[in-house]
Amino acid sequence: MRYEHSDTYLPPRSNEAVDAVVSRLVANPAILVQLGGANVYAHEAPADKPPSGKWIVVRERQEMGGDIETMSGLVSPLVLVMTECRRGVLSGAAARTWHATTHDLVAADILEQTITVTTGVASMPRRELRPSSAMPDADDDTTYSTAGYRVTLSAEVAS
Amino acid sequence: MTYPDMCTIGSLYTGRCRYQDESYGFALQKSADVSVKGGGLLFLPKTVAGLVADLAVSVTTGPASAREKQTGRTSKVERVGGRSMVHVEWLDVAASTTLGTPGAPTVVSNGAGAVVLTWDPVAGATSYQVQVGGVNAGSAVPATATVQSLTGLSAGSKQFRIVATDGATSTTGSATAHTVT
């Protein structure tokens, strides 16, 4: 069979999963202390980076081309949580420890927890990508590490 | 002449630079007013904008972090033209940022009698002090952080605010009411 476009369903709302995860993380005091501020950003970090030099960017994984059309209308974005730290703040083993600890805090906060989206309902996130090694980012003079969480959002039927 | 040890990201530094214009086939000493936003790009004034297309810029002296950043960004200027080379030397760099006023902090409960406050960075601030009900609480926070953890608070509704200081003056932000459990 082939899938046909149906305008019954509203456009994918993957960004809601990102916003919901950000909302949880910025309300977590342990993460705020770990980052040296409320430095959790949706989709991209601001041009002026936070003074602590430590931040988290939450975004959805973008695939080449469009999203797969499904009969159910469910969307299952992979929400990427990227921890980033300036090399001038932490480097070497200290940076690796910081990334690992931060990912542990994030996992403890969102794994198997209910996240609230604006429309429809969302499944509890499960981790699909374990935290990557801390990699240098020459452009930003930082190290970064990424983990991925899968969230499924219910279809929102247009009224 | 004293240079700031480190450019604060987001703060604006202005000064006078001397550079060597080789676009005419021979070295020509010139000077110009420039400004650099910490961690950002070097901006040449409009008076030499016509030259920028033919020039590459490298900062040879000045604040270490600014020099580092400018070196890293030089290729962006080089890409414009790059036939000639301009050597920029910081002559008079001084922080010109005026101290801003803090916004109301965000207060998150962190267990019984404990909260964590976060706030947005304030331009020109060198440290912050959290006040609870108009009284200093906790130790001063350096400008490299915008978070403070407080414990041992009594239960009840309290007013939290941030005081920013640049060493000479201070500004007090608006308050956030939060009920401590």
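Here are short exercises on this structure, each with a worked solution.

This is a predicted model, in which local features need pLDDT of at least 70, side-chain atom pairs count only at pLDDT 80 or more, and totals for chains, interfaces and linings use all residues. Residues are numbered from 1 along each chain as its sequence is written, chains are lettered from A and ligands numbered from 1 in the order in which they are written, and side-chain values use heavy atoms, with hydrogens and water left out.

**Exercise 1. The largest nonpolar core**

Task: Find which residues of the largest nonpolar core touch the most other members.

Solution:
- Start with the term. A nonpolar core is a set of buried Ala, Val, Leu, Ile, Met, Phe, Trp, Tyr and Cys residues joined through side-chain atoms within 4.5 Å. Buried means under 20% relative accessible area, exposed means over 50%, and partly exposed lies in between (1.4 Å probe, protein chains only).
- The core has 26 residues. A:L25, A:V40, A:I56, A:V58 and A:V106 touch the most other members.
- Next, see where the members come from. In chain A, α1 (14-26), α2 (29-35), β2 (54-60), β3 (78-86), α3 (92-110) and β6 (142-150) each supply at least two residues. Helices (H or I, at least four residues) and strands (E, at least two) are DSSP runs, numbered from the N terminus.
- α1(A) gives the most, with 6 residues.
- Zoom in on A:V106. Leaving out residues up to four places away in sequence, A:V106 is in contact (heavy atoms within 4.5 Å) with A:L25, A:I31, A:I56, A:V81 and A:Y149.
- Another core lies apart from this one. This second core has 23 residues, including B:V107, B:W119, B:A145 and B:I162.
- In soluble globular proteins, nonpolar side chains tend to be buried together.

**Exercise 2. A strand with two faces**

Task: Sort the residues of strand β14 of chain B into a covered and an uncovered face.

Solution:
- The strand spans residues 176-180.
- B:T176, B:H178 and B:V180 form the covered face. B:A177 and B:T179 form the uncovered one.
- In a regular strand the side chains alternate between the two faces of the sheet.
- Now find the neighbour. Strand β12 (residues 156-165) of chain B runs antiparallel to β14(B), and 5 bridges join them. Two strands pair if DSSP finds at least two bridges between them.
- One bridge links B:F160 to B:T176.

**Exercise 3. Chain B as a whole**

Task: State how many helices and strands chain B has, and what share of its residues is buried.

Solution:
- Chain B has 2 helices and 14 strands.
- Of its 181 residues, 39% are buried.
- Take the contacts in chain B between residues at least 6 apart in sequence: 60% join residues at least 24 apart.

**Exercise 4. Salt bridges**

Task: Locate the salt bridges of A:R24 and A:D141, and say what each ties together.

Solution:
- A salt bridge is a side-chain nitrogen of Lys or Arg within 4 Å of a carboxyl oxygen of Asp or Glu. The whole structure holds 4 of them over all chains.
- A:R24 meets A:D109 at 3.5 Å, N to O. A:R24 lies in helix α1 and A:D109 in helix α3 of chain A, so the pair ties together parts 85 residues apart in sequence.
- A:R24 is partly exposed at 26% relative accessibility, whereas A:D109 is buried at 10%.
- A:D141 pairs with A:R87, with the closest N and O atoms 3.3 Å apart. A:D141 sits in the loop between β5 (135-137) and β6 of chain A, and A:R87 in the loop between β3 and α3, so this pair ties together parts 54 residues apart in sequence.
- A:D141 is partly exposed at 24%, and A:R87 is partly exposed at 33%.
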